[in-house]
Amino acid sequence: MKHSFKLFSLLFLIVCAAMVSSCAKQKVMTDDEIVAIASKAYVYGYPLVIMDLTEKVGANVPAVIVGKSAAPINQIGHASEFPDDKFTDVVKPNVDTYYSISWLDLKDEPMVLTVPATDRYYLLPMLDAYSNVFTSPGTRTTGTEAHTFLIAGPKWNGEVPEGMELIKAPTAMVWIIGRVQVNSPEDGATTVKAIQDEIKLVPLKEFGNADYVALKSTVVEEYSKIVPVKDVAAMSAKAFFTRMSELMVENPAFEADSAIVKEMATIGIEPGKEFDTSGFSDELIARLDSIPQKMVGAFKKVMTGAGGKVNGWSTSTITNPALGNFGTDYNYRALIALYGLGANLQADAAYPNTALDSDGNQLTSENKYVLHFSKDEIPPVNAFWSLTMYNDKNFLAANPIHRFAIGDRTEGLKYNNDGSLDIYIQKENPGKDKESNWLPAPQSGTFELTMRLYWPKETVFDGTWNPAPVKKVN
């Protein structure tokens, strides 16, 4: 008994000493150190929080609406038309493909996704709660045959039914952003619509039940007002880190994240716990609340600065193989979440982006530009390519001919006699002889261009090919 008591006393003293040491460390932590850790934590958690808000607004419908990509949780919606300048749910939406969208909650049971045989290019990338593409079924990876996928959460250990291919998701939250190539409105209404009708999603327990009808969902009025990028930026540090901590309970950090998880805990950012700022000065709270603005400013410099540019184009999405599957590159992950949430894997698509002309000046609606591709400079792809216009908010820009992108599928696109191609980028119509090759700019303000190369060829990655410069002509 004496030995036990002595052992207990010794352990108690050790624990107390550790607590005192820990408290001492916390007491001597400076405001600068707290802000530094919080800044890293914000970058780390930004994709998780914006994914949450994107899910809230995207799945906030009572039932699947025919022709729309929005669907309740664990259901799939198929868009049968392109987004336009009024669409603000996701930054930099594409107008090349029809979307098939689903938000999954895999806490309780797996879902079964069926895909028909088709010779049309399609992909079904699946993102975890931190915006990583953990798998990407489609023409490039799984071919053109029919497939039945069983999508299960990280805690599911059941038996996979015969004929199904298991996809094990690393988090309970999963975002499927399916895309099917569309060549024209007529093509979309026929071929693409038929493909979408055969892409189906049901709970495992209902698979094969011809009478299954998905339940209606409750619409939350508050969610309908969400603009994810804007609303995340408006969160206080307390609100942001508290929501981030809540989300980490069902979507825990990965093993590779252990270092930053431990560091965040030193300032009170822990899964399931409210972020407590009661012991912080008003000045420190103000500094923490300014972190979003500073992050956006820093990332904007990355996107528009001189570093990492080729002919004015940011090529990080080409040269950085971490695109879509970011690992511990938290800065890159957050940057993509801010400017292009839902980005594909590099092998599925490359996204050169520019906000600069060939002289290094900001692209603006006050000027006229030409993007000239020599025959050898036309984007090399196995599928197709496009060039999309975005306003200074990274949304589609309103224009008189309702054209938001141009590319190799644009009806009437005119090539020069030598095989080269000119694209006219300006707010005014360049005239009937050039209108077929006109990409309208916003009526005012600055703008950005994003080139999308679907299933790019190896020359895109080995440096043999580079995007042509955008040249000012007035």
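How many residues does the largest nonpolar core have, and which of them have the most contacts inside it? In this predicted model, the largest nonpolar core has 69 residues, and those with the most contacts inside it are Y46, W175, F241, M244 and L288. Eight elements, listed with their residue ranges in the table below, each supply at least two residues of this core.

| Element | Residue range |
|---|---|
| α2 | 31–58 |
| β2 | 97–105 |
| β9 | 173–181 |
| α5 | 237–250 |
| α6 | 258–265 |
| α7 | 282–289 |
| α8 | 291–304 |
| α10 | 330–340 |

Helix α2 gives the most to this core, with 15 residues. A second core of 28 residues is separate from it and includes A350, L421, L439 and L449. In soluble globular proteins, nonpolar side chains tend to be buried together.

The surroundings of W175 can be given in detail. Leaving aside residues up to four places away in sequence, W175 touches M51, T54, V90, I101, S102, W103, P125, M126, L127, L341 and G342.

Empty space inside the model was also examined. The count comes to three cavities of 30 Å³ or more, and the largest cavity has a volume of about 60 Å³. Its lining consists of I50, T54, T88, D89, V90, V91, P228, V229, A337, L341 and F395. Two or more lining residues come from each of α2 and α4 (228–234). By class, the lining of the largest cavity has eight nonpolar, two polar and one charged residues. T54, V90 and L341 are among the residues that W175 touches, and T54, V90 and L341 also line the largest cavity.

Notes: Residues are numbered from 1 along each chain as its sequence is written. This is a predicted model: local features need pLDDT of at least 70, side-chain atom pairs count only at pLDDT 80 or more; totals for chains, interfaces and linings use all residues. Side-chain values use heavy atoms; hydrogens and water are left out. A nonpolar core is a set of buried Ala, Val, Leu, Ile, Met, Phe, Trp, Tyr and Cys residues joined through side-chain atoms within 4.5 Å. Buried means under 20% relative accessible area, exposed over 50%, partly exposed in between (1.4 Å probe, protein chains only). Helices (H or I, at least four residues) and strands (E, at least two) are DSSP runs, numbered from the N terminus. Contact means heavy atoms within 4.5 Å. On a 1 Å grid over the protein atoms alone, a cavity is a set of points where a 1.4 Å probe fits but cannot get out, and a pocket is an open set with protein on both sides within 12 Å along at least five of seven lines; lining residues have an atom within 4 Å of a point. Grid points are joined across faces, edges and corners, and a volume is the space filled by probe spheres set on the points. Ala, Val, Leu, Ile, Met, Phe, Trp, Tyr, Cys and Pro count as nonpolar, Asp, Glu, Lys and Arg as charged, and the others, Gly among them, as polar.
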